[in-house]
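Trainee: Please take me through the reading of this model, one feature at a time.

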Amino acid sequence: MAKIDKKSNKAIFTNEEYAKTWENCPIIQNRDRKDFRLCYICKYPMEFKLNENNSEDESAWVIDLINTKKPVLEIQNYIGVHANCVKNRTKRDATKLIKRIKMVGWMAPE
Ligand SMILES: [Zn+2]
């Protein structure tokens, strides 16, 4: 279960939460789903090993809440996105948007 850091007011997630959140992210048909998933905001790949716990890289991914109207800290409400993309989200409740994006067969350029 995520903890809130009282100083920065940011949620701190466990490695297990990163691994489970990864399973919520849209897959890319021509990439290994263990290593690459789609960022639903910019539609570019994210790489599993580059999460903000392990990497300072600007393409690192973070855990964001799918529905910020109901900010529950539960796996079902977690989605991985690039750290830089969080500010570009358009909907406070992205549940339907993410469902629609998952129905598309995404392919990464070779
Ligand atoms: Zn992105």
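Mentor: Let us begin with burial: a residue is buried if 20 or more other C-beta atoms, placed from the backbone, lie within 10 Å of its own, exposed if 12 or fewer do, and partly exposed in between. The model is a predicted one, in which local features need a pLDDT of at least 70 and side-chain atom pairs count only at 80 or more, whereas totals for chains, interfaces and linings use all residues. Residues are numbered from 1 along each chain as its sequence is written.

Trainee: What is the mean pLDDT of the chain, and which elements have the lowest and the highest values?

Mentor: The pLDDT is the predictor's confidence in each residue, on a scale from 0 to 100. For this chain the mean is 92, with 99% of the residues at 70 or more. Among the elements, strand E1 (residues 3-5) has the lowest mean, 78, while E3 has the highest, 98.

Trainee: How many helices and strands does the chain have, and in what pattern do they follow one another?

Mentor: Helices (H or I, at least four residues) and strands (E, at least two) are DSSP runs, numbered from the N terminus. Here there are two helices and six strands, and along the sequence they are arranged as β-β-α-β-β-β-β-α.

Trainee: How does the radius of gyration of the chain compare with that of a compact globule?

Mentor: The radius is taken over C-alpha atoms, and the globule rule is 2.2 Å times the number of residues to the power 0.38. For 110 residues a compact globule would come near 13 Å, and the chain, at 13 Å, agrees with that expectation. Along the principal axes, its C-alpha atoms fill a box of roughly 45 × 30 × 25 Å, and 23% of the 110 residues count as buried.

Trainee: Is strand E6 mostly covered or mostly open, and in which sense does E6 pair with E5?

Mentor: E6 is mostly covered, with five of its five residues buried, and strand E5 (residues 61-65) likewise has five of five buried. Both faces of E5 are covered, since Trp61, Ile63 and Leu65 on one side are buried, as are Val62 and Asp64 on the other. Two strands pair if DSSP finds at least two bridges between them; E5 and E6 (residues 78-82) do so in the antiparallel sense, over five bridges. Val62 faces Val81 of E6 in this arrangement, and Leu65 has Tyr78 of E6 as its bridge partner.

Trainee: How many residues does the largest nonpolar core have, and which of them have the most contacts inside it?

Mentor: A nonpolar core is a set of buried Ala, Val, Leu, Ile, Met, Phe, Trp, Tyr and Cys residues joined through C-beta atoms within 7 Å. The largest one has 18 residues, and those with the most contacts inside it are Leu38, Cys39, Tyr40, Ile79 and Val81. E5 and E6 each supply at least two of its residues, and the largest share, four residues, comes from E5.

Trainee: With which residues is Tyr40 in contact, leaving aside its neighbours within four places in sequence?

Mentor: Two residues are in contact if their C-beta atoms, placed from the backbone, lie within 7 Å. Beyond those sequence neighbours, Tyr40 touches Pro26, Ile79, Val81, Leu97, Ile98 and Ile101. Tyr40 is found in the loop between E3 and E4, and it counts as buried because it has 24 C-beta neighbours inside 10 Å. Leu38, with the same exclusion, is in contact with Cys25, Pro26, Ile28, Lys43, Pro45 and Trp106. Over the chain, 51% of the contacts between residues at least 6 apart in sequence join residues at least 24 apart.

Trainee: Why does Lys43 count as partly exposed, and what is its phi?

Mentor: Lys43 counts as partly exposed because 14 other C-beta atoms lie within 10 Å. Its phi is positive, about 65°, although Lys43 is not a glycine. Lys43 lies in the loop between E3 and E4, as does Tyr44, where E3 spans 36-38 and E4 spans 45-47. Tyr44 is also partly exposed, with 13 C-beta neighbours inside 10 Å.

Trainee: How far apart are Tyr44 and Pro109, in sequence and in space?

Mentor: They are 65 residues apart in sequence, and their C-alpha atoms are 9.8 Å apart. Pro109 belongs to the segment after helix H2 (95-103), and it is exposed, with 6 other C-beta atoms within 10 Å. In H2 itself one finds Lys99, which is exposed with 11 such neighbours within 10 Å. Lys99 and Pro26 are 73 residues apart in sequence, with 9.0 Å between their C-alpha atoms.
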